[in-house]
Amino acid sequence: MTTEKSINTQQETWYEIVLRVLKSNDVSLITYVPDKVLAPLIKVLHADPYFTVIAPAREEEAIGIITGSYMAGLKGITLMQTSGFATLANVLASLAVPFQIPVLMMISERGTLGEFQVGQAIVCKTMRPVLNTLGIENYAIERINDVEFIVDNMIKQAFATQTPAAMILSPLLTKR
Amino acid sequence: MTNLTNLSSARENAQIMNRFELIKRLTSKLHANEAVIGGIGNNNFDLWANGQRPENFYMLGSMGLTIPIALGVALAQPQRRVFALEGDGSLLMQLGALGTVAKTALKNLTIIIFDNGMYQITGKQPTLTDSCVDFVNVAQGSGLTQSYWARDNTHFEQLIDDALTKDGPHFIATRIDDKTPTVSTDRDPVKIRLGFMQALSIHR
């Protein structure tokens, strides 16, 4: 039995692990602007009645919604891709950071390791400088064995220290 | 009264009122710890000037996010009524939010728009509502069926009464003058957030 269980754990996909870790941290509100890489995660979140899933028109809105819900006692996360993150500098600098809101972001990294659109490749290079300039904790998840550790600990630290956190899904994790 | 409410929704039929006075009429009707989210600039200055209710949240930057923040609060606390106070320039930045409000269909959410057709705080440059955009038409087209121009102060109060007793989402647009608020909000983000969360009984 134990052997079977460990085999099943090994077969868990990155998005199944993310779903499980969100649940174990009471993060039940999902706001997202879709992305092809995130599609399987979005699909399993929609299918699970534990989660409230909202798909607004823009990433700014998505951040605003989880900010409001946090202040009223409901934990949330925003899913987006790199180009969506690029629309957020003002909102992070004027809302999430100064108000000390634990805004959780999961960003699928586009524009690197095999990108074919030059615009994606350029906007990708703005992501880490913006995150680092704003002092926002960020880690790229590159291996399946790191998904649980990084997601779980970044969520816990964000709420414990009341600061935003950016979990970056590297193509090394999602494209292989 | 229902018949009056259903009269023409056109912006030009709405009387020009005053933001401070309208917020006063709103807050005087709030007796159940309703949450109020004040949009940037003059909207939250006049909210502040009307008495600093602990259930008020004053947004200091992030122009256009008043409605999404209010939606998040309303979603987390369905038993509490939530009001978003937003200006015309701000709403024009985030029109998609109206569709999100319609789609989520929260019964406890009301949007109040103060429209003076200008970016008042930056030098009174005209906004698009001054020439061609009608917010009630936009809201209705976004799926918010209960969307009205407040024709005058009395009608505004009737619409607030509806928002406090009937299922939303509600959208109330007002035309206002360009009178400058007499005070401005204390700009201490963490103090604002903690006070608001405490008023909403959230303790981390």
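The exercises below, each with a worked solution, concern a predicted model with a chain A and a chain B.

**Exercise 1. The ring pair of A:Trp14 and A:Tyr15**

Classify the aromatic pair formed by A:Trp14 and A:Tyr15, and decide for each residue whether it is buried or partly exposed.

Solution. A pair of aromatic rings is described by the distance of the centres and the angle of the planes. For A:Trp14 and A:Tyr15 the centres lie 5.5 Å apart and the planes stand at 90°. Since planes over 60 degrees apart count as edge-to-face, the pair is edge-to-face. Turning to accessibility, A:Trp14 has a relative accessible area of 8%, and because buried means under 20%, A:Trp14 is buried. A:Tyr15, at 22% relative accessibility, counts as partly exposed.

**Exercise 2. The ring pair of B:Phe57 and B:Phe196**

Determine how the rings of B:Phe57 and B:Phe196 are arranged, and where in chain B the two residues lie.

Solution. The ring centres of B:Phe57 and B:Phe196 are 5.4 Å apart and their planes meet at 55°, so the pair is tilted. B:Phe57 belongs to strand E3 (residues 56–58) of chain B, while B:Phe196 belongs to helix H9 (residues 189–199) of chain B, and the pair thus links distant parts of the chain, 139 residues apart. Both B:Phe57 and B:Phe196 are buried. Ring pairs also bring in A:Phe99, which forms a cluster with B:Phe57 and B:Phe196.

**Exercise 3. The interface of chain A and chain B**

Describe the interface between chain A and chain B by its contacts, its buried area and its polar contacts, and name the element of chain A that gives the most residues.

Solution. Begin with the contacts: 28 residues of chain A touch 29 residues of chain B. The two chains bury about 2300 Å² between them, and 69% of that area is on carbon and sulfur atoms. There are 0 salt bridges between chain A and chain B, whereas 6 residue pairs are in polar contact across the interface. On the side of chain A that touches chain B, the elements giving two or more residues are strand E2 (52–54), helix H4 (59–71), helix H6 (89–96) and helix H8 (147–161). H4(A) gives the most, with 8 residues.

**Exercise 4. The surroundings of A:Ser69**

Locate A:Ser69 and work out what it touches.

Solution. A:Ser69 lies in helix H4 of chain A, and it is buried, with a relative accessible area of 0%. Its side chain reaches the backbone oxygen of A:Ile66 at 3.1 Å. Not counting residues up to four places away in sequence, A:Ser69 touches A:Leu29, A:Leu74 and A:Gly76, together with B:Gly72, B:Val73 and B:Ala76.

Definitions and conventions:
Residues are numbered from 1 along each chain as its sequence is written. Chains are lettered from A and ligands numbered from 1 in the order in which they are written. This is a predicted model: local features need pLDDT of at least 70, side-chain atom pairs count only at pLDDT 80 or more; totals for chains, interfaces and linings use all residues. Side-chain values use heavy atoms; hydrogens and water are left out. Rings of Phe, Tyr and Trp (its six-membered ring) pair if their centres lie within 6.5 Å; planes under 30 degrees apart count as stacked, over 60 as edge-to-face and the rest as tilted. Buried means under 20% relative accessible area, exposed over 50%, partly exposed in between (1.4 Å probe, protein chains only). Helices (H or I, at least four residues) and strands (E, at least two) are DSSP runs, numbered from the N terminus. Contact means heavy atoms within 4.5 Å. Buried area is the accessible area (1.4 Å probe) that two parts lose on being put together, summed over both. A salt bridge is a side-chain nitrogen of Lys or Arg within 4 Å of a carboxyl oxygen of Asp or Glu. A polar contact is a pair of N or O atoms within 3.5 Å; within protein, one must be able to donate a hydrogen and the other to accept it, and residues adjacent in sequence count only if both atoms are side-chain atoms.
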